[in-house]
Amino acid sequence: MRVRVEQTPLPGIGVRHDLITSSGRTVGVVSHRNGRRDLVLYDVDDPDACLAAIPLTDDEAEALADVLGASLMLGQLAGLRQQAAGLLTEQIALPAGSPFVGRRLGDTRARTRTSASIVAVLRDREVIASPGPSFAFEANDVVVAVGTREGLSGVTAILAGEDDD
Amino acid sequence: MHETTILLIEVGALLFALGMLGRLGRRFGLSPIPLYLLAGLAFGHGGLLPLSASEEFIEVGAEIGVILLLVMLGLEYSATELVGNLRASASSGVLDMLLNALPGAGFAFLLGWGWEAALVLAGITWVSSSGVIAKVLGDLGRLGNRETPVILSVLVIEDLAMAFYLPLVTAVLAGVGLVGGLEALAVAVVTVIAVLVVAIRYGGAISSFMSVRDPEALLLSVLGLTLFVAGVAAELNVSAAVGAFLVGIALSGAVAHRATEMLSPLRDLFAAVFFVFFGLSTNPADMPPVLLPALGLAVLTMLTKVATGWVAAKRVGIALPGRVRAGLALMPRGEFSVVIAGLAVASGLEPELAPLATAYVLITVVSGPMLARLPDYPWFKAFIRRRVALSRPPAPLAAPE
């Protein structure tokens, strides 16, 4: 089931997004117009009141989003086939003869060249989320990439060592 | 030369004293508005330390203060926000007006005042202070609360309603009678709608006329445009404040954002001067006789504000504690009430009006934010919880609309 995020304008202040979790708790983010944002947690007994409002800097918000995003990605990979705006997810097995076995992810320059992103690597039934540029490939790795159809074809070609440039 | 020297000394000492007062107030969680008003009382005719040379200067400063208060208010809201809000919560706005303006008008008749004074007092009791309330909500960490948008939309509608109310009052006070007042109202309605339409359709174009890159030029051009439009509006008897408000609404995007940042310190300075000036025009000796009526009026209209917040919050499915919070938060009256009373004082209406308005604003603006804290105390929460438990089985979790 899709989660519903409710958006409420706060005239003169900014906007609030909130959602109710399946456990019945409400969490939200108040985005101030001046760029400040607060993570707000709501009271169980009084669902209209926030218990705590935690101000986050840009970096903190980004870090938190990264952490939550990585686990979200794993949770949704199975169901994520066809997304909006022509964005696709594909699992690409590293071919046995790939030039990148034993080399680093950064060497593929896949994102720069195809604008598709490698978001996870599946290895021995393990999921390695958000691999960094220094991540080293091994034989039989399966790469999970997100991008447009052309982008994904590009990544496939790069990993197979079939691209020209 | 001598005159200028005294002016410098007086204005300097005044501003310094205001700064110290503001700091003291912050320590106790008080809005600076009541302190500025008290300072004005102390420095005015019949006060402790009457000012001599700087009164004229302060009068002009006060005029600019009103204009800056209003242009900042306009900058805070975008035209789309105003229209969207009007559509969504018009009924709460009407309820707010009926519940809070009518007691003010009735009270004026009870005191034996004329209908012009009743119109003015209705405005004074109607409008909550968006500045004070926004600050209270932020201080109490309630910006994320689900009843907060309800409070804000009541405030937005009140502020927008001022764009119609102020021209009406200005015209009536200018002595053109009810028909003249309604004419001014019609002009205001047409102007406001035109500005909103233009701002929504071409807001980007107006704003791109001014460059964000050169802060000095932006400051001068926004300030100049505001004062100019305010002056023209005053000349047309549509109230300078409303002209400034409309300039604020017409600007949008990056220009509005930067202008807000740059005008804020100016607004703080001149708004302080404005509150002092209003205090100056009130003789402290006139205060004691009106204290009791002011207290009665304050209690009555604070209760009607609680009812307003309660009903408005109930309408969007907020639970009992949230309704109480919304009601209590709406109580403080502030800058607008003083602006309205200032118009009446300038036209020489009802001599008791200024001391009554001063006392009324002092009472609500001091007690309102304190009472707004009530729902945060454990005993109050426990009390509400008991009431909820008694009245019905536990409410299901509020679902998003």
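The exercises below, each with a worked solution, treat a predicted model of two chains, A and B.

Local features are reported where pLDDT is at least 70, side-chain atom pairs count only at pLDDT 80 or more, and totals for chains, interfaces and linings use all residues. Residues are numbered from 1 along each chain as its sequence is written, and chains are lettered from A in the order in which they are written.

**Exercise 1. Describe the make-up of chain A.**

Solution. Begin with the elements, which are DSSP runs numbered from the N terminus, where a helix (H or I) needs at least four residues and a strand (E) at least two. Chain A has four helices and nine strands, and along the sequence they follow the pattern β-β-β-β-β-α-β-α-α-β-β-β-α. Next comes burial, for which a residue is buried if 20 or more other C-beta atoms, placed from the backbone, lie within 10 Å of its own, exposed if 12 or fewer, and partly exposed in between. By this rule, 25% of the 165 residues of chain A count as buried.

**Exercise 2. Work out the order of the four-stranded open sheet of chain A, and find its edges.**

Solution. Strands of a sheet pair through backbone hydrogen bonds, either parallel or antiparallel. Two strands are taken as paired if DSSP finds at least two bridges between them. The order of the sheet in chain A is 6-9-7-8, with antiparallel pairing. Strand 6 (88-93) and strand 8 (126-129) of chain A each have a single partner strand and stand at the edges, so one side of each is left without a neighbour in the sheet. Inside the sheet, strand 7 (residues 117-123) and strand 9 (residues 142-147) of chain A are joined in the antiparallel sense over five bridges, and A:Leu122 stands opposite A:Val142 of strand 9.

**Exercise 3. Locate A:Ser115 and A:Asn140, and describe their backbone and exposure.**

Solution. Most residues other than glycine have a negative phi. A:Ser115, however, has a positive phi near 60°, and its place is in the loop between helix 3 (110-114) and strand 7 of chain A. With 13 C-beta neighbours inside 10 Å, A:Ser115 counts as partly exposed. A:Asn140 also has a positive phi, near 70°, and lies in the loop between strand 8 and strand 9 of chain A. A:Asn140 is exposed, since 12 other C-beta atoms lie within 10 Å.

**Exercise 4. Check the length of helix 5 of chain B and describe its surroundings.**

Solution. The expected span of a helix is 1.5 Å times one less than its number of residues. The 12 residues of helix 5 (residues 115-126) of chain B should therefore span 16 Å, and the end C-alpha atoms are 16 Å apart, which agrees. Turning to burial, 11 of the 12 residues of helix 5 of chain B are buried, so this helix is largely enclosed by the rest of the structure. Among the buried residues are B:Glu116, B:Leu119 and B:Trp126. The buried residues of helix 5 pack against several helices of chain B, including helix 4 (79-110) and helix 7 (148-208).

**Exercise 5. Describe the side of chain B that touches chain A.**

Solution. Two residues are in contact if their C-beta atoms, placed from the backbone, lie within 7 Å. The contact takes 24 residues from chain B and 22 residues from chain A. On the side of chain B, the elements that give two or more residues are helix 4, helix 7 and helix 12 (320-329), and helix 7 gives the most, with five residues.
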